[in-house]
Amino acid sequence: MTVLHLKGVSRVHGSGENAVNALIDTDLQIAAGEFVAIMGPSGSGKSTLLNLAGGLDAPTSGEVLVEGIVLASLNKKKLAAMRRRSVGYVFQDYNLVPSLTAAENAALPLELDGTGTGKARKLALAALEEVGLDAKQADRFPDELSGGQAQRVAIARALIGDRRLVLADEPTGALDSTTGEEVLKLLRRRCDAGAAGLLVTHDARHAGWADRVVFLRDGRVVDTSAPLPDAETLLEGAES
Amino acid sequence: MSVKHSLLALLERGPAYGYQLRAAFESATGNTWPLNIGQVYTTLNRLERDQLVEALPENDSGQRPYRITDAGRHHLAGWFASPVQAADRPRDELTIKLALAVTTPGVDVADVIQRQRTATLRLLQEFTRLKAAEDHAELAWRLVLESMIFRAEAEIRWLDHTEAVVARSELPAPSPFAAEPDPDPADLASPDLDQTEAR
């Protein structure tokens, strides 16, 4: 099932002589269970693509569909609800609310959506457990967590409830290489469990966790690495 | 790759015969560099000749185990203590290819770079998947796999960098051959370049 679909999407900032083509005629589909990485240099359109996918920005032309619904067809209120219920974000700097505990942060999207506190907490604890945080850690505040733990909370928050699309913008930015890898592994596992993941990164090692890697250059998709074959055939060509 | 030092290192774990050494080597490196058994025995003979290992009496099943000597231990310690020299590594075909690409008329350098990047990233994805598949991999195997992952990453970073440099610079006109001095005939043999392996 296609969770995210970009159909001929372009985004132009400004107009006339000052117009900047941030993204040009881009097609992209991500199915449930699929993890896709977007790579490209600064200014290639990576973040524009992510913002469009999450409904934070609207395309100049073309359509963005999340779970089959054209985002442009929604009014402001419905779009906000769609963002809360269907889309989760993971940012480089975690963006946790400092005055809320890990569990309260993870529960936030549910509470904003009207779920009762008790039920939201129960779901939050379950979501935190899925990312490897126990009940004790769930009651800590963000400044009492390590960077890796904070990012786990952000991933739990991104995927709590029935949300199936997770958008991650350089989620390992401030983390050391092994902690960063844990975060990637976790995103990979959430996708294997049925989520659709879109990762923006300039780090090839992180893109390596994805099923497909899309290269952007000057707002255009220049190449896509094809889906992988069986892992068994790999080592035959790897000897030096 | 030094088969000699690898065998010495394995024998440091205890006496072993050829097939055991081959199996231990391949398991430590995740079958990345298959060793043929002939190569193992030739190397053991040479090590014995140099008194770095000694042959033990044949066991009941007719296998002859070898044991590392003190001289062998000393030699092995020296190997671990010295860095790998750049000259011991094979020359890099990709570097040569790109160096030629920027000076060869009619070559779309950006395209060469993108094709390589896609291929290397694909390899990186495959290595990563292998790594993900083995949550409790042997340490030695994990290390070999991660070495390949970081190397692939480094290559991609270098390609990104090269792409940016090439895009910003005017491509130089290919050097006309007439401008070069006549080559010394000795250079034509180009021993460094024709050498297939460092050792």
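The following exchange goes through the sheets, helices and nonpolar cores of a predicted model.

User: How do you know which features of this model may be described, and how are its parts numbered?

Analyst: Because the model is predicted, local features need pLDDT of at least 70 and side-chain atom pairs count only at pLDDT 80 or more, while totals for chains, interfaces and linings use all residues. Residues are numbered from 1 along each chain as its sequence is written, and chains are lettered from A and ligands numbered from 1 in the order in which they are written.

User: What makes β6 and β10 of chain A edge strands?

Analyst: Strands are DSSP runs of E with at least two residues, and helices are runs of H or I with at least four, numbered from the N terminus; two strands pair if DSSP finds at least two bridges between them. In the open, mixed sheet of 6 strands, ordered β6-β7-β8-β3-β9-β10 (chain A), β6 (87-90) and β10 (220-225) each pair on one side only, and are therefore its edges.

User: Why are β9 and β10 of chain A called paired?

Analyst: DSSP must find at least two bridges, and 5 bridges join β9 (residues 212-217) of chain A to β10(A), so the two antiparallel strands pair. Val214(A) stands opposite Thr224(A) in β10(A).

User: What makes helix α6 of chain B a neighbour of this sheet?

Analyst: Contact requires C-beta atoms, placed from the backbone, within 7 Å. Helix α6 (residues 109-133) of chain B packs on the sheet, touching β9 and β10 of chain A. Its direction makes about 45 degrees with that of β10(A), where axes are lines fitted to C-alpha atoms, for helices over the stretch in contact, and angles run from 0 to 180 degrees between N-to-C directions.

User: How do you know that β1 and β4 of chain A pair?

Analyst: Strand β1 (residues 2-13) and strand β4 (residues 61-66) of chain A are joined by 5 bridges and run antiparallel, so the requirement of at least two is met. His5(A) stands opposite Leu65(A) in β4(A).

User: What makes a group of residues a nonpolar core, and which residues have the most contacts inside the largest one?

Analyst: A core is a set of buried Ala, Val, Leu, Ile, Met, Phe, Trp, Tyr and Cys residues joined through C-beta atoms within 7 Å, buried meaning that 20 or more other C-beta atoms lie within 10 Å of a residue's own. The largest has 84 residues, and Ala106(A), Leu128(A), Val153(A) and Leu187(A) have the most contacts inside it. Apart from it lies another core, of 15 residues, including Leu8(B) and Tyr17(B).

Technical notes
Two residues are in contact if their C-beta atoms, placed from the backbone, lie within 7 Å. A residue is buried if 20 or more other C-beta atoms lie within 10 Å of its own, exposed if 12 or fewer, and partly exposed in between; C-beta atoms are placed from the backbone.
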